[in-house]
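Me: I'm new to reading protein structures, and I'd like a close look at one part of this one. Could you take me slowly through the strands towards the end of the chain, and then show me how that part compares with a few other spots?

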Amino acid sequence: MEPVTESAPVRPEDIAAVRRFNRYFTRRIGALDDHYLGQDRPLGEARLLFEIGDGVSLRELRGRLALDAGYLSRMAKSLEAQGLVRLTVPPHDTRLRLIEPTPAGRVEVKEQNRRADVLTAGLLGTLTAPQRTELTRALATTQRLLHLAAITVALVDGAAEDARACLDAYAADIDARFPEGFDKTDLVRPEEVTGEAGAFFVAYEEGRPIGCGALRTLEPGVGEIRHVWVHPDARRLGLARRILTELELAAVAHDFAVVRLDTHAVLTEAQAMYRACGYAEIPAYVDHVYADHWFEKRLAPGRPGEQDGRGAR
């Protein structure tokens, strides 16, 4: 069984390895050149031109790319001066500024994509087929882990707007998956998952809530985990396991010796995760209309990172 553990300190050698890779990669793809891909603009403007697509608001671009508003505005004006984009204000909302490519901008993006493909093919061309497969797999792993690293998990009040928004999204998600649908009255109440009664965690990516999990008191010394949910955009990253770990640490802090949970038969991926995280299937501990499987994990009281000698039953 996996122990309940908090994140280990980041090692200096790990920091150095990431920085070393960043320096090599940015130089190798020409990110430092103010004529990226041999065109008349740096990488920042080239990326912005690509992200505009058929047209979008500057507000959406700012959120998507995590850019400072002033910096984004300067780049947009530079592209406009080059005749590549058009900036407008929609009549229905004068607070918005829209940006869309001009015909010349569409041609430029097409050429930019062609040059990027040629550059990438050149990088891969000297490798053997197995080496290319190894590299693309490593890149997929790198992207997944960096995506996960950018996500934070925070303890919030059960009545907080983000908590209820996540629960609404959770309810909509499982309502579509459960053959019998889902009744939102089954959701935890704010007072059940706040303060001494329990805990509620929300996962954030660049300020946007994308996951949640709840812990409530089931009986003295026993906590119940509910509503572990991750937005489709952040699935298959390992985020659900991180939320589960936070819930287990909160259970230890609440002096729960045991945590229990149940899950629906269709949620096979959830069942697999719980088993992999040290949960053992047990007989039904409560009559719950949406439960087909019940699980339990024993924790060492007051000792995060350890479990008692009895294991899970």
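Reply: Happy to, and we will go strand by strand before visiting a few other places. Please keep in mind that this is a predicted model.

Let's start with strand β5, which covers residues 198–205. Its partner is strand β6, residues 208–219, and the two run antiparallel, joined by eight bridges. To find your way along this pair, look for glycine 198, which stands opposite arginine 216 in β6. In general, strands of a sheet pair through backbone hydrogen bonds, either parallel or antiparallel.

How does the chain get from β5 to β6? The two strands form a hairpin with two residues between them. One residue to look for in this turn is glutamate 206, which has a positive phi of about 50°.

Now follow β6 to its other pairing. Seven bridges join β6 to strand β7, residues 222–230, and these two strands also run antiparallel. Here a good landmark is cysteine 212, whose bridge partner in β7 is tryptophan 229. β6 and β7 form a hairpin too, again with two residues between them. In this turn, glycine 221 has a positive phi of about 80°.

Stay in β7 for a moment and find histidine 227, which belongs to this strand. Its phi is positive, at about 55°, although the residue is not a glycine. Is histidine 227 buried or exposed? Its relative accessibility is 5%, so histidine 227 counts as buried.

It helps to set this histidine beside another residue with a positive phi. Aspartate 255 is not a glycine either, and its phi is near 65°. Aspartate 255 sits in the loop between α8 (239–253) and β8 (258–263). With a relative accessibility of 56%, aspartate 255 counts as exposed, whereas histidine 227 is buried.

Let's go back to cysteine 212, our landmark in the pairing with β7. You may wonder about disulfides: a search of the whole structure finds zero of them. Cysteine 212 is in no disulfide, and the nearest cysteine sulfur, that of cysteine 166, is 4.7 Å away. A disulfide would need the two sulfur atoms to be within 2.5 Å, so this pair does not count as one. Both cysteines are covered: cysteine 212 is buried, with a relative accessible area of 0%, and cysteine 166 counts as buried at 1% relative accessibility.

For comparison, here is another sheet. It is an open sheet of three strands in the order β1-β3-β2, with antiparallel pairing. β1 (56–57) and β2 (85–88) stand at its edges, each with a single partner strand, so one side of each has no neighbour in the sheet. Two bridges join β1 to β3, residues 98–101. In that pairing, serine 57 has leucine 98 of β3 as its bridge partner.

Finally, visit a spot on the surface. Phe21, Tyr24 and Phe25 form a nonpolar patch there, with about 300 Å² of accessible area together. Phenylalanine 25 lies in helix α1, residues 12–28. Its relative accessible area is 37%, so phenylalanine 25 is partly exposed.

To retrace the main route, follow β5 through its hairpin into β6, and then follow β6 through the next hairpin into β7.

Key:
Residues are numbered from 1 along each chain as its sequence is written. This is a predicted model: local features need pLDDT of at least 70, side-chain atom pairs count only at pLDDT 80 or more; totals for chains, interfaces and linings use all residues. Side-chain values use heavy atoms; hydrogens and water are left out. Patches are made of residues with over 30% relative accessible area and no salt bridge: like charges are joined within 9 Å, nonpolar side chains (Val, Leu, Ile, Met, Phe, Trp, Tyr) within 5 Å. Accessible areas come from the Shrake-Rupley method with a 1.4 Å probe; for residues, only the protein chains shown count as cover. A salt bridge is a side-chain nitrogen of Lys or Arg within 4 Å of a carboxyl oxygen of Asp or Glu. Helices (H or I, at least four residues) and strands (E, at least two) are DSSP runs, numbered from the N terminus. Buried means under 20% relative accessible area, exposed over 50%, partly exposed in between (1.4 Å probe, protein chains only). Two strands pair if DSSP finds at least two bridges between them.
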